Amino acid sequence: MAAQDRTSHKTQSRLLRNIGAHATITDDGFTPGTRVLSIGGAEQSHVNLAHPEEIFYEYLRRIGNVLDLAAPAGQPLRTLHLGAGALTLTRYLQATRPGSRQTAVELERELLDFVLAHLPLPEGTVLETVIGDARDALSRWEPGSFDAIVLDVFAGADAPEHLTTPEFYAEAAALLSPAGVLLVNVGDDPGLAFARRQIRALQEGMAGIPSAGFAALGPKDMFTGRFPGNIVLAATAFPWPEEWAAQLLAAGPHPADVLTGERLDVFASAG
């Protein structure tokens, strides 16, 4: 991989005309070979080009931990990424499950072009890119096309409304294989009203899969509702495996919590 370069890089920048903000790529300043994508001055993604199996952001690490359980170690996963960012998880899957066939849907063509130009993907990555709206894109694929779907476009109250409904989740779930996993990153403010609504919407949307299982992962103190941050919602097209909760708790990042069953229902109904 050309990513082994340990020298410092100058800041790369591109104006994203659709949103009127600059995207920048800079060294993270701590670990050689790592780069940070920011949009409008706010950090969006962190990439370790030299070691893509290492994930810096906690919520992405939790998503990666679920993907680790989604199939036997090393087995490729057909994966749909709704929201591309810096393609951190695309890189992770190629590193941990070589040959995974992946698709990334991104609304901002200029952002995707910028990332691909300055943050090269690991050798052998099989990635189809689609420019467009995440929900509109779902009609491109047949039912059962993916083993994993990752939605990472939310920004709390600013989330695109059409991506927050039970109908959207039903459309996404229809694309899952019988062993498929749907993962949703939810960033939220104290009170976590949005996250609670999304759990209920996800459960309603997957009501057509009677055996579906559900979980919420995050830092332990996030579930008190007193802090802002990220919660990862996970839904399976099969009953949630009891052993997964213990494995995800052990995997961290710590301190971690995993809500399932009655604990999840109580949390979701509280707001």
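Q: Over how many bridges do strand 2 (residues 21-27) and strand 3 (residues 34-39) pair in the antiparallel sense?
A: This is a predicted model, in which local features need pLDDT of at least 70 and side-chain atom pairs count only at pLDDT 80 or more, while totals for chains, interfaces and linings use all residues. Residues are numbered from 1 along each chain as its sequence is written, and side-chain values use heavy atoms, with hydrogens and water left out. Strands are DSSP runs of E with at least two residues, helices are runs of H or I with at least four, and both are numbered from the N terminus; two strands pair if DSSP finds at least two bridges between them. For strand 2 and strand 3, where T26 has V36 as its bridge partner, the antiparallel pairing extends over 5 bridges.

Q: Which strands stand at the edges of the open sheet with the order 1-2-3-4?
A: This sheet is built from 4 strands, and its pairing is antiparallel. A single partner strand is available to each edge strand, so one side of each is left without a neighbour in the sheet; the two concerned are strand 1 (12-16) and strand 4 (42-48).

Q: At about what angle to strand 1 does helix 3 (residues 109-118) run?
A: Angles run from 0 to 180 degrees between N-to-C directions, with axes taken as lines fitted to C-alpha atoms, for helices over the stretch in contact; contact means heavy atoms within 4.5 Å. Helix 3 lies across strand 1, strand 2 and strand 3, and its angle to strand 1 is about 165 degrees.

Q: Why is one side of strand 7 (126-131) left without a neighbour in the sheet, and which strand stands at the other edge?
A: Strand 7 belongs to an open sheet of 8 strands in the order 7-6-5-8-9-11-10-12, with mixed pairing. Because strand 7 stands at an edge with a single partner strand, one of its sides has no neighbour in the sheet, and this also holds for the strand at the other edge, strand 12 (256-260).

Q: Which strands does helix 5 (residues 166-173) touch where it packs on the sheet?
A: Strand 5 (residues 79-82) and strand 8 (residues 146-151) pair in the parallel sense over 4 bridges, and L80 stands opposite I149 in strand 8. Helix 5 packs on this sheet with its direction at about 145 degrees to that of strand 9 (176-188), and the strands it touches are strand 5, strand 8 and strand 9.

Q: How many of the 9 residues of helix 2 (residues 88-96) are buried?
A: Buried means under 20% relative accessible area, exposed over 50% and partly exposed in between, using a 1.4 Å probe and protein chains only. The buried residues of helix 2 include R91, Y92 and Q94. Helix 2 is mostly covered, and its count of buried residues is 7.

Q: What relative accessible area does L87 have?
A: L87 lies in the loop between strand 5 and helix 2, and it has a positive phi of about 60 degrees although it is not a glycine. L87 is buried, with a relative accessible area of 1%.

Q: Is L192 buried or exposed?
A: L192 lies in the loop between strand 9 and helix 6 (193-205), with a positive phi of about 55 degrees although it is not a glycine. With a relative accessible area of 0%, L192 is buried.

Q: Which residue does a cis peptide bond join to G252?
A: The residue in question lies in the loop between helix 7 (242-251) and strand 12. The peptide bond has an omega of about -5 degrees, and it joins G252 to P253.
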